[in-house]
Amino acid sequence: MRLLSSPLPRPRALPSSKHPLTFLRVFSAAPIAPTHTLTDPLAHPSIRALESRLDARFPTFRSRGDEMQLLAEPTEFYRLLRDTIKTAQKHIFISTLYIGPEQSELVAALHSRLSSVPSLRLTIISDLNRSIREAPAHCAASLLAPLARDFPDRVDIWMYRPNTVLDGPLGQIVPKRMSEGWGTMHAKVYGVDDTVIMSGANLNTSYFTDRQDRYLHIPRHPSLARYLRAFLAHLTRFSHRVTSTSSPTNTSSTFSTPSNPVPFDLTWPHAYPPTRFSLIARDATRAFTAAAREAEHAHMGESDADTVVRPVMQSGPWGVREEEEAVGELLRAADEVEGGRTDITSGYFSLADLYKRRVLEGRGRLSIIAAAPEANGFLGSKGISGRIPEGYTHLERKFWTSVRKLGRDGPDGIELREWMRPGWTYHCKGIWLSPPGDGDPYLTLLGSSNLSGRSSNLDLELSLLISTRSEALRQRLGEEVRRLGEWSERVDERTFEKPERSVSWGSRALLKLGVQGML
């Protein structure tokens with residue numbers, strides 16, 4: 001790998017546009033009039049007020065809930081991803097933390113489709129540190145380099161690294177694996193033409209087999225797909241470009257991964273330095289969101305829409321806190337719905353301060369599902385990362401102690417559960433709001449955010465806030481949260497008294513030294 005200092009030509013715009021913001025010709029329906037019946041949770045005054053505040057702040061996309069599908073298993077996610085790639089005609093666009101170096105089959109599928117459709121474009125953006133961790137051995141960057149090599153005019157591979165203290169001398173001594181602790185490109189978007197798959201899953205074998213996540217399939221939604229393509233184009237303004245220095249091969253549909261890593265370059269093709277762009281990114285992102293919101297308000301869309309989708313970004317290093325603003329409003333409104341229920345889950349349970357305060361000071365019913373230590377993805381890791389499951393146990397215990405001190409551990413208060421399925425790990429994250437009487441959810445947050453301090457302050461995140469009147473979608477959301485609950489067990493103070501849940505002094509010391517903010 002060579003890191004080039006001389007800039008390439010400015011990055012190409014995505015199809016039919018001179019600038020990513022011009023993609024935002026978003027379609028919208030007229031506001032849906034509330035029915036003001038007990039069967040319409042969105043008619044509650046607090047939820048109506050929440051919807052109005054969100055409409056005034058974020059881009060809003062109207063849709064039909066019965067056309068949205070929620071997948072249950074990682075094998076379904078992989079099958080859908082592969083099948084959707086095979087249908088691509090115009091543009092495949094992917095944002096992910098990383099692609100596993102072993103995913104030659106997935107790269108072969110992308111290569112095959114590019115060979116079959118001469119006008120097809122491919123855009124991929126991932127986290128730089130995670131994608132070159134194994135270099136000079138096989139890594140995500142070397143796996144993807146043949147796509148840029150064989151289709152240089154139609155493939156754009158980008159890798160993002162946040163501005164952090166690692167830009168200074170500290171970056172020379174911090175091990176590659178630990179550098180991700182200061183922030184990553186964490187947004188997950190999987191799009192093909194007008195179809196979108198949103199998830200918290202990355203692209204490696206465990207996420208396709210035995211790592212539980214959430215998966216939302218939204219077919220045939222041109223305006224949302226256009227927004228998400230523009231979102232990726234926006235991120236490329238603050239990313240390194242991946243190119244290959246090897247000679248192109250025959251671009252036939254037959255493709256096999258080279259036995260040796262393909263050499264690649266990382267180039268920064270922007271006028272501003274790669275170590276100082278956070279303020280530029282902040283201003284550009286605020287303009288991006290404002291343009292998307294205004295474009296949405298200027299167009300009309302599906303007249304029979306019963307569902308609203310609102311994308312929210314988060315990047316603490318940029319000073320962009322859309323998700324924090326939206327979720328804070330959501331939790332406050334949910335608490336004003338007497339008898340309602342809120343469900344929260346995170347595979348890495350360490351609620352951001354604002355969310356924790358809202359939860360502990362609230363009055364309503366709330367259930368939280370966290371990963372049991374056996375389902376933590378870091379269980380058995382080498383070095384400091386092997387202490388991470390203990391760290392989450394410590395934070396979970398502190399949270400439950402606060403719940404009990406505030407008297408919120410009763411049947412109408414907070415319930416804490418842990419998910420454990422033998423041989424599986426847990427990576428789900430999100431929020432569901434349900435009406436009084438244990439009806440199915442009418443609002444959910446789904447995407448990349450773990451709702452943690454790290455998600456709020458370090459990582460770059462994208463989630464969808466979805467509210468719906470669709471009985472079909474509400475039923476699917478209800479089935480989803482019940483399915484997760486079936487693999488979980490209730491946690492209380494007795495859980496943390498078990499010998500296997502003890503936390504070593506070394507792990508406690510690391511948390512006090514600042515590692516807690518990286519969890």
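**Group meeting: strand 21, Gly347 and the largest pocket**

Strand 20, residues 443–447, pairs with strand 21 in the antiparallel sense, over five bridges. Keep in mind that this is a predicted model. Within that pairing, take Leu443. Its bridge partner in strand 21 is Ser467.

Now the other neighbour. Strand 13, residues 307–315, also pairs with strand 21. The sense is antiparallel, and there are nine bridges. Here Ser315 has Leu460 of strand 21 as its bridge partner.

So how many residues of strand 21 are buried? Nine of the nine, over residues 460–468. Buried here means under 20% relative accessible area. That is why strand 21 is largely enclosed by the rest of the structure.

Look at the side chains. Leu460, Leu462, Leu464, Ile466 and Thr468 point one way from the strand. Glu461, Ser463, Leu465 and Ser467 point the other way. Both sets are buried. Note that Glu461 and the two serines, Ser463 and Ser467, are on that list.

Next, a glycine. Where does Gly347 lie? In the loop between strand 15, residues 341–346, and helix 11, residues 353–361. Buried or exposed? At 4% relative accessibility, Gly347 is buried.

What does Gly347 touch, leaving aside neighbours within four places in sequence? Its contacts are Ala371, Asn376, Tyr426, His427, Cys428 and Asn450. Take His427. In sequence, Gly347 and His427 are 80 residues apart. In space, their C-alpha atoms are 4.4 Å apart.

One of those contacts is a cysteine, Cys428. Its relative accessible area is 0%, so Cys428 counts as buried. Cys139 is buried too, at 1%. How many disulfides does a search of the whole structure find? Zero. For the record, a disulfide is a covalent bond between the sulfur atoms of two cysteines.

Last topic, the largest pocket. Its volume is about 990 Å³. The lining has 40 residues. Which lie nearest the centre? Glu180, Phe378, Ser385, Ile388 and Arg454.

Four elements give two or more residues each to that lining. They are helix 6 at 176–179, helix 7 at 205–209, helix 12 at 388–405 and helix 16 at 505–512.

What is the lining by class? There are 16 nonpolar residues, 15 polar and nine charged.

To recap. Strand 21 is buried in nine of nine residues. Strand 13 pairs with strand 21 over nine bridges, and strand 20 over five. Gly347 is buried and in contact with His427 and Cys428, among others. The largest pocket is lined by 40 residues.

Definitions and conventions: Residues are numbered from 1 along each chain as its sequence is written. This is a predicted model: local features need pLDDT of at least 70, side-chain atom pairs count only at pLDDT 80 or more; totals for chains, interfaces and linings use all residues. Side-chain values use heavy atoms; hydrogens and water are left out. On a 1 Å grid over the protein atoms alone, a cavity is a set of points where a 1.4 Å probe fits but cannot get out, and a pocket is an open set with protein on both sides within 12 Å along at least five of seven lines; lining residues have an atom within 4 Å of a point. Grid points are joined across faces, edges and corners, and a volume is the space filled by probe spheres set on the points. Ala, Val, Leu, Ile, Met, Phe, Trp, Tyr, Cys and Pro count as nonpolar, Asp, Glu, Lys and Arg as charged, and the others, Gly among them, as polar. A disulfide is a pair of cysteine sulfur atoms within 2.5 Å. Buried means under 20% relative accessible area, exposed over 50%, partly exposed in between (1.4 Å probe, protein chains only). Contact means heavy atoms within 4.5 Å. Two strands pair if DSSP finds at least two bridges between them.
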